[in-house]
Each structure stands twice: as C-alpha cells, then as structure tokens.
Amino acid sequence: MTFRSRVTVALTAVALLPLLGFGIAVRREAKSRLADQAAARLEVVRAILMSEVSREQNTIRERLAAVRAELAGKNELRRVVDGDQAARGWLLDWAGSAMRASGLGVLEVVDSAGRVIGSGHFRNDFGRSERRLIETLRLAPGQGFVMARFPLPDGRATAVVAAESIFVNGQTIRMIGGRVFDSSRVEELGRGREMAVRLMYGTAKPADSGRVLQESPFIDVLSTDPAGSSRVVAIEDGSALTRAIESLDRWLAVAFAAGLGLAGLAAWWIGGALARPLDELAARTERIDLERLDADLAVDRDDEIGVLARGLDRLTRRLRSSAAKLRETERRATIGDLARQVNHDIKNGLAPIRHVLRHLNEVAEREPAQLTAVYGERRGTLDSSVEYLDRLARTYARLSPDLESTPADPNQVIAELARAAPGGLVATDLGPRITRVKADPVVLRRIIENLMTNGLEALGDRGGRVTMSTKDTPDRRVRIVIADTGGGIPKDQLDRVFDDFYTTKPDGTGLGLSVVRRLVADLGGSLRIESTPGTGTTVTVELPSA
C-alpha cells in the first residue's frame with residue numbers, strides 16, 4: 001500500500017469514526033424514546049381501562065342496590081323461600097322486568113343453597129348451581145373485578161358482575177347482576193393509539209408482543225372447568241416503530257455515504273499533497289549509486305520534507321567525496337587477495353616438484369646408479385605438476401575463466417597426488433569404478449590438493465597419516481573424504497576455518513579452505529568438516545556426478 005493510500009485510509013477513518021459513533025448514539029436514543037412513548041401509551045390505555053371498569057362496577061352496584069330494595073319489599077319472595085311453587089313463576093317474571101328496568105345485561109336471584117331461583121336474561125337457568133360464581137365474587141375484593149359468561153336465548157354474553165345480598169326468613173338471598181363488557185368495548189380503547197387491545201378468556205395466551213394490562217377472575221357459568229382468568233391484552237403495533245427506525249437508518253446511511261465520499265476526496269487530496277514531494281525526492285534518490293553521485297536533492301522547502309531532502313543531499317556529497325577512496329581501497333584489496341591466492345596455488349603446485357627433487361638428490365648421493373630408474377619412476381609426477389602450473393598460469397591470465405564441464409576422474413587425481421606426496425604419509429581407499437564428476441580437472445585437483453596439503457601440515461612432527469577415499473552415493477553424487485590423524489581443530493576455531501585470510505599458521509595465507517569452499521560451491525557440491533582435538537580432522541566433499 002502506498003503512502004498516499006495509507007494517509008487516505010487513516011484520514012477517512014478519523015473523519016468517519018466520530019460520524020459512525022454519533023449515528024449509533026442517535027439511533028439508540030431514538031429507539032429508546034420511541035419505546036418510552038409506547039410504554040406511556042400503554043399506561044394511558046391501562047388507566048382508561050381501569051376507569052371504565054370502575055365506572056361499570058359502580059353502575060352495577062348502584063342498580064343492584066335499587067333492585068335489592070325493590071325485591072326486599074315483596075311478600076312473594078318470602079313465599080318462594082318458604083317453598084311455594086306458585087310464587088316461583090312470579091319471581092321469574094319479576095327478574096326479567098327488573099333487569100330491563102334497571103338497565104342491567106344479566107340478573108340472577110340465587111337462594112342460600114346456591115341454586116338459581118330467578119333469571120332475568122335466561123329463564124331456563126332455573127335450578128342451576130352458581131356456587132363457583134358466588135365464591136369468586138366473595139373473594140373479588142382482593143382480586144379486582146369479576147367477569148362471567150352467561151347463556152342467553154340466542155347465544156352467550158360476557159359481563160362484569162357484582163352481587164348484593166338480602167336476608168329473608170333466616171336465609172341469604174343473593175342477586176348477581178352485570179353489564180355486558182365484551183371485546184368490542186375493549187377494542188375501542190386502542191383506537192388511535194397505535195395498538196390493538198384484546199379481551200382474552202381462560203387459558204388463551206397473548207402473542208409474544210402482547211402486554212397484559214389487567215387480569216381478573218373469569219367464570220363460564222355453564223362450564224365445569226375451574227375458574228380461570230380474563231386478561232385485557234395490549235398488542236403494540238410495531239409497524240410505526242419499525243418505519244421510524246427504518247427512516248432513521250436511511251438518513252444515517254445517506255449521511256454516512258456522503259461523509260465517506262467527502263472524507264475520501266479530502267483525504268485523497270491531502271494524501272497527494274503529502275506524497276507528491278516525497279515521490280519527487282524518491283525519484284531523485286533512485287538515481288544515486290556508486291557510479292553516479294551527481295544527483296542534486298536539495299529543495300526550497302522549509303518543512304520536514306525540506307529538512308530530509310537537505311540531509312540526503314549532504315549524505316550524497318559525503319558519498320561523492322569518499323567514492324574515489326573506496327574504489328581505490330577495493331582495487332588494492334582485490335590485487336592483494338589475488339596475489340595471495342596466486343602465491344598459495346603456486347606453492348601447492350611446487351610442493352610435488354620439491355618432494356621429487358629432494359628424493360632425486362637423496363638417490364644421487366646414496367645410490368647414483370639408481371638415479372635413472374628413480375627419475376623414470378618420478379617423471380610422471382614432475383610432468384603432471386608442471387602441466388598443472390602451466391594450466392594454472394593460463395587460468396589466472398584470463399582472471400575470470402569459464403570452467404570446463406568435462407568429466408574428471410577423482411581416483412586418477414588422488415592417485416597422482418598420493419604418488420607425489422612424501423613416502424608413507426598418504427594412503428588411499430579408492431572405490432572401484434567411481435563415477436566421474438562434472439568439473440574442470442584443474443579445479444578438481446586444486447580442491448583435493450589443498451585439502452591434502454592441509455592434512456599433511458596438520459601431522460607436523462607427531463607423525464601419522466592422511467587417508468583419501470572415494471565412493472558413490474545413492475543420490476548420484478561422488479563423495480571424497482580426506483582424513484588426517486593430526487592434532488585437530490579446536491571448536492572455537494572450527495567455525496572460522498572457511499573465512500578468508502583466517503589462519504593459525506605462521507606463514508599461512510588463510511586462503512586454502514576459503515578457496516576450496518568457493519570452488520566446491522561453483523561445482524554445485526557440498527563441503528563438510530569435522531574435527532576432534534587430539535584425534536584428527538575429516539573433510540567430506542560431495543560433487544555431482546557427470
């Protein structure tokens with residue numbers, strides 16, 4: 001992500017996060033207030049309901065009191081109580097006219113045994129037990145108003161009921177009266193208040209969104225089920241609240257989208273204003289390298305970018321002044337490295353020749369007659385060493401030679417070097433029919449000769465032997481192992497043996513193992529060295545087969 005993009009994203013986020021937080025807070029507050037308004041409407045409906053029911057109860061009681069006063073003065077009632085069958089018909093007729101005259105919707109006269117002896121709304125109720133309703137009315141003062149469902153000639157009616165009592169001939173006669181209070185009256189309470197009000201009876205349950213405004217005892221006089229309850233339930237009309245929230249969400253979405261667009265454009269412009277001088281400075285900086293230091297980075301700005309540009313310009317000037325010194329130092333170091341490497345390789349090439357000449361001198365002094373024969377035996381070593389030095393000279397003459405990729409025989413190179421080594425110090429264990437490796441013969445000899453020379457030097461005056469062995473590996477490589485029985489390499493020096501110019505020999509160059517490592521890497525091989533102080537060192541070289 002570019003600097004300009006990051007600045008744009010950051011500034012846009014900084015601008016939109018407060019707007020988003022404000023929108024969430026507004027939505028939460030609006031939803032809370034709408035919920036409070038709905039709760040307030042419910043309380044208003046509850047208050048109206050209780051006022052309506054209270055007024056109904058007072059009206060019922062007043063009218064029952066008038067009916068009670070009228071009935072108390074009737075001698076026919078005493079005759080009914082005494083069991084006069086003829087008087088029972090009069091009571092049934094009187095109950096109907098009294099109910100209509102008082103404006104009640106239902107009216108029952110019940111004897112002390114709880115049986116209906118007069119019914120104004122349905123003559124066929126005569127003799128039915130009304131004990132459940134009487135008991136419920138007796139407990140009503142602690143349970144609010146009582147509702148009951150009565151039979152009518154053409155159906156049923158639900159009414160709010162109350163009771164009055166009179167004593168006749170030592171018996172308690174009760175009058176149960178009420179006014180119809182059905183769903184149609186209840187539904188009027190919710191009109192214009194965005195809610196539906198329902199009257200529910202018995203075990204019916206309101207919907208999940210319904211709230212019970214009032215609950216009271218309810219009895220169906222024709223049912224044998226235990227007394228239940230009637231509930232006035234208000235169901236909130238959620239559509240208005242939903243529409244208000246959806247409208248608010250739309251406005252918030254529009255505001256957020258507009259804020260996003262404006263903030264994005266502003267942030268993009270600000271990011272461009274910040275990134276443009278940095279891009280120009282970066283373009284100038286890209287032209288700086290060790291070969292071209294003439295780029296001018298100074299700018300006429302007095303802000304932080306100007307300070308950075310002037311600092312880079314000063315750095316460029318310092319690089320320009322020191323570049324020549326660096327190139328000269330590198331040239332001298334390269335020449336010195338090359339000289340030390342040439343010296344090291346020539347010394348290795350001269351070592352077999354020196355050994356052969358020393359041997360010939362010994363033969364000439366002790367057994368002159370054998371000189372010709374010994375010379376014939378060692379002539380091959382002299383020829384191969386001279387050929388090696390000649391090819392080495394041609395290689396260095398080209399400085400960067402292209403390595404020949406002709407197959408080379410490791411066993412042949414090891415056998416030649418072993419013959420040229422001092423007698424008895426080098427042993428070989430060459431695998432039969434070893435696969436040739438893909439390597440320049442001179443490079444392969446330099447690798448093995450360097451390792452063998454290091455092993456011989458490690459023997460010193462303590463004696464011992466250097467063993468060179470070869471074998472094929474399962475992964476189509478050739479493994480060359482050169483092990484000596486010298487003093488070994490301490491662990492603190494083992495990690496540095498491949499560093500350039502690191503040596504523990506007084507006259508060493510520190511290039512032997514460094515050259516070996518580089519040559520093995522050029523051939524695509526691997527190099528591993530293991531050493532135990534006091535026991536010896538083993539070097540393992542694995543090269544790809546040809």
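**Notes on a predicted single-chain model**

1. The chain holds 12 helices and 15 strands, and the reader should keep in mind from the start that this is a predicted model. Of the 546 residues in the chain, 38% are buried. When contacts between residues at least 6 apart in sequence are considered, 65% of them join residues at least 24 apart. The points below take up a helix pair, several salt bridges, two residues with their contacts and two loop residues.

2. The helix pair to look at is α9, which covers residues 410-420, and α10, which covers residues 441-459; their axes come within 10 Å and cross at roughly 45 degrees. The two helices are therefore oblique to each other, and the crossing of α9 past α10 is right-handed. On the α9 side the meeting residues are P410, V413, I414, E416 and L417, and on the α10 side they are L444, R445, I448, E449 and M452. Sorted by character, the residues of this contact comprise seven nonpolar and three charged ones, with no polar residue among them.

3. Two of the residues in that helix contact, R445 and E416, also pair in a salt bridge, in which the closest N and O atoms are 4.0 Å apart. This pair links distant parts of the chain, since R445 belongs to helix α10 and E416 to helix α9, with their positions 29 residues apart in sequence. How do the two partners stand in accessibility, buried or partly exposed? R445 counts as buried because its relative accessibility is 8%, below the 20% cut-off, whereas E416, with a relative accessible area of 24%, is partly exposed.

4. Salt bridges can be followed elsewhere in the model as well, and the structure holds 18 of them. As background, side chains of opposite charge can pair when their charged atoms come close. One such pair is formed by the side chains of D249 and R27, which meet with an N to O distance of 2.6 Å. D249 lies in helix α6 (residues 238-286) and R27 in helix α1 (residues 3-72), so this salt bridge ties together parts that are 222 residues apart in sequence. Both partners have intermediate accessibility: D249 is partly exposed at a relative accessible area of 28%, and R27 is likewise partly exposed at 30%.

5. Helix α1 takes part in a further salt bridge, through E56, whose partner is R179 and where the closest N and O atoms are 2.9 Å apart. E56 sits in helix α1 and R179 in strand β5 (residues 171-180), so that distant parts of the chain, 123 residues apart, are linked by the pair. Here E56 is buried, with a relative accessible area of 7%, while R179 counts as partly exposed at 22% relative accessibility.

6. Salt bridges can also join into a network, and in this model E108, D125, R128 and E130 are linked in that way.

7. A residue worth finding in the view is L91, which is placed in helix α3 (residues 85-102). Which residues does L91 touch, if those up to four places away in sequence are not counted? The contacts of L91 are with L71, V80, V109, I117 and G118. L91 is buried, with a relative accessible area of 0%. The C-alpha atoms of L91 and G120 are separated by 9.3 Å, although the two residues are 29 apart along the chain.

8. A second residue to examine is D429, found in strand β10 (residues 426-429). Leaving aside neighbours within four places in sequence, D429 is in contact with M468, S469 and T470. From D429 to K471 the C-alpha to C-alpha distance is 9.1 Å, and these two residues are 42 apart in sequence.

9. Two loop residues deserve a check of their backbone angles. N169, in the loop between β4 (155-168) and β5, has a phi near 50 degrees, which is a positive value in a residue other than glycine. R476, in the loop between β12 (466-473) and β13 (477-484), also is not a glycine and has a positive phi of about 60 degrees. As for accessibility, N169 counts as partly exposed at 43%, and R476 is exposed, with a relative accessible area of 64%.

Methods: Residues are numbered from 1 along each chain as its sequence is written. This is a predicted model: local features need pLDDT of at least 70, side-chain atom pairs count only at pLDDT 80 or more; totals for chains, interfaces and linings use all residues. Side-chain values use heavy atoms; hydrogens and water are left out. Axes are lines fitted to C-alpha atoms, for helices over the stretch in contact, and angles run from 0 to 180 degrees between N-to-C directions. Helices (H or I, at least four residues) and strands (E, at least two) are DSSP runs, numbered from the N terminus. Angles under 35 degrees count as roughly parallel, over 145 as roughly antiparallel, 65 to 115 as roughly perpendicular and the rest as oblique. A crossing is left-handed if the near helix is turned anticlockwise from the far one by less than a right angle, and right-handed if clockwise. Contact means heavy atoms within 4.5 Å. Ala, Val, Leu, Ile, Met, Phe, Trp, Tyr, Cys and Pro count as nonpolar, Asp, Glu, Lys and Arg as charged, and the others, Gly among them, as polar. Buried means under 20% relative accessible area, exposed over 50%, partly exposed in between (1.4 Å probe, protein chains only).
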